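Look at the chain below and follow its pairs, strands and loops one at a time. Keep the structure open as you read.

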Amino acid sequence: ATPVGARNCCAVSADSWANAAAEFGADCSRELASELAAAAKVLERTREQWSKQAAALREGFVEWAALASWADITQAQRMLNANVGDSSKAVEMFLQALELRARYRGLYDSLSCKVHSDMRIIGRDLEDHPVIYLCARSQTQPLRHCLEQFFLTFETACKIAAGRSEGRVYFVADMHGFSLDLNCESLAVRELAKTLGTVYAERVFKIVIVDFSRAAQAVWWLAKPFMSSVTKKKFAFVSQAKALEMCKQDFDSRTHDFVRHTCQVNRDPGASPAERTLHARRTAIHEVPLGPPLS
């Protein structure tokens, strides 16, 4: 039998969503009604399974109500899209995403973290996707300590993108100065890849990897098994010159200038960590995660 908590959580049923879609009017197509109904079923099944887990564990488990502000019909639709309509895989992915959200609940509630790199939101592309930028040279701690900055930056960019640009983000990762010693922890690589592929499934518009070194390739091979085929197809591995061409074509002029200048600063052997940190603050468009942008 379904626990009482699960029944309460599932008050909005698949039929209710289907009826709501049907009542939307002539502008609501049958296809949209069908998509909403399918997503609602995924949401309902996910809630039920999550609530059963909560009832079984009793202690140390985050209740559905604490995650309900994120786990909604929109997320269910993303999970279905990421799994090409396979509802069982969508539920499985949704549960994995909820486990990760619960694990980092404090981070998502506080919207603050320790900063161990120059990862930031640097601007927008011409389709209004927020652009995240990271240079490997700026990394100061092992990857496991950088995960929170990664997740929080992505979370903030997704909130900026909500309601426009399909809620997706553009990510530029400059591998100049990449350290294998700081990034060879398989558990941290797995956590990063799983979060990208579940919590942020269908949130990625494009990922541009600049100057992909042999050392970085080792990390890529560790991460690949935990990414969906859809996510893997969004990666572009290019040289700095090609990356700047793409940025000039894809970004507004201000964002392109920021990225171009940032690549120069990060490749300047005379630029100190303090100078590069200052530059990062001056080329951020949001206070998360580095702090208020500087002029």
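Lys206 is partly exposed, with a relative accessible area of 22%. The model shown here is predicted. The side chain of Lys206 meets that of Asp250 in a salt bridge, 3.3 Å from N to O. This pair links distant parts of the chain. Lys206 sits in strand S4, while Asp250 belongs to helix H12, which covers residues 240-250. The two residues are 44 apart in sequence. Asp250 has a relative accessible area of 14% and is buried. Buried here means under 20% relative accessible area, so Asp250 falls in that class.

## Salt bridges

How many salt bridges does the structure hold? The count is 14. The table gives some of them, including the pair just described.

| Pair | Distance, N to O |
|---|---|
| Arg120 and Asp118 | 3.4 Å |
| Glu202 and Arg168 | 3.0 Å |
| Asp250 and Lys206 | 3.3 Å |

Take Arg120 and Asp118 first. Their side chains meet in a salt bridge. Are these residues buried or exposed? Both Arg120 and Asp118 are buried.

Now turn to Glu202 and Arg168, whose side chains also meet in a salt bridge. Glu202 lies in the loop between helix H9 (186-197) and strand S4 (204-210). Arg168 lies in the loop between H7 and S3. The pair therefore ties together parts that are 34 residues apart in sequence. Glu202 counts as buried, at 14% relative accessibility.

This pair is also part of a network. Salt bridges that share partners join Glu166, Arg168, Glu202 and Lys234.

## Strand S2 and its partners

Strand S2 spans residues 130-135. Six of its six residues are buried, so the strand is largely enclosed by the rest of the structure. In a regular strand, side chains alternate between the two faces of the sheet. In S2, Pro130, Ile132 and Leu134 point one way. Val131, Tyr133 and Cys135 point the other way.

Which way does strand S1 run relative to S2? S1 (residues 120-124) and S2 run antiparallel, and four bridges join them. Ile121 has Ile132 of S2 as its bridge partner. S1 and S2 form a hairpin, with five residues between them. In the turn, Asp128 has a positive phi of about 75°.

Strand S3 covers residues 169-174. S2 and S3 run parallel, joined by five bridges. In S3, Asp174 is the bridge partner of Cys135. The chain gets from S2 to S3 through helix H7, residues 143-161. This β-α-β crossover is right-handed.

## A residue in the hairpin loop

Glu127 lies in the loop between S1 and S2. Is Glu127 buried or exposed? At 52% relative accessibility, Glu127 counts as exposed. Even so, Glu127 has contacts elsewhere in the chain. Leaving out residues up to four places away in sequence, Glu127 touches Ser165 and Phe205. The C-alpha atoms of Glu127 and Arg164 are separated by 9.0 Å, and these residues are 37 apart along the chain.

## Cysteines and a histidine

A disulfide is a covalent bond between the sulfur atoms of two cysteines. How many disulfides does the count come to? The count is zero. Consider Cys263. Its closest cysteine sulfur is in Cys247, 7.1 Å away, which is too far for a bond. Cys263 is buried, with a relative accessible area of 4%. Cys158 is buried as well, with a relative accessible area of 6%.

Cys247 also appears among the contacts of His256. His256 lies in helix H13, residues 253-266. At 13% relative accessibility, His256 counts as buried. Setting aside neighbours within four places in sequence, His256 is in contact with Leu244, Cys247, Lys248 and Phe251.

## The whole chain

Now step back. The protein chain has 14 helices and five strands. Of its 295 residues, 49% count as buried. The accessible surface comes to about 14,500 Å². Carbon and sulfur atoms account for 51% of that surface.

The contacts tell a further part of the story. Consider contacts between residues at least 6 apart in sequence. Of these, 75% join residues at least 24 apart.

Notes. Residues are numbered from 1 along each chain as its sequence is written. This is a predicted model: local features need pLDDT of at least 70, side-chain atom pairs count only at pLDDT 80 or more; totals for chains, interfaces and linings use all residues. Side-chain values use heavy atoms; hydrogens and water are left out. Buried means under 20% relative accessible area, exposed over 50%, partly exposed in between (1.4 Å probe, protein chains only). Two strands pair if DSSP finds at least two bridges between them. A crossover is right-handed if, with the strands pointing away from the viewer, the path from the first strand over the helix to the second runs clockwise. Contact means heavy atoms within 4.5 Å. Accessible areas come from the Shrake-Rupley method with a 1.4 Å probe; for residues, only the protein chains shown count as cover. A salt bridge is a side-chain nitrogen of Lys or Arg within 4 Å of a carboxyl oxygen of Asp or Glu. A disulfide is a pair of cysteine sulfur atoms within 2.5 Å.
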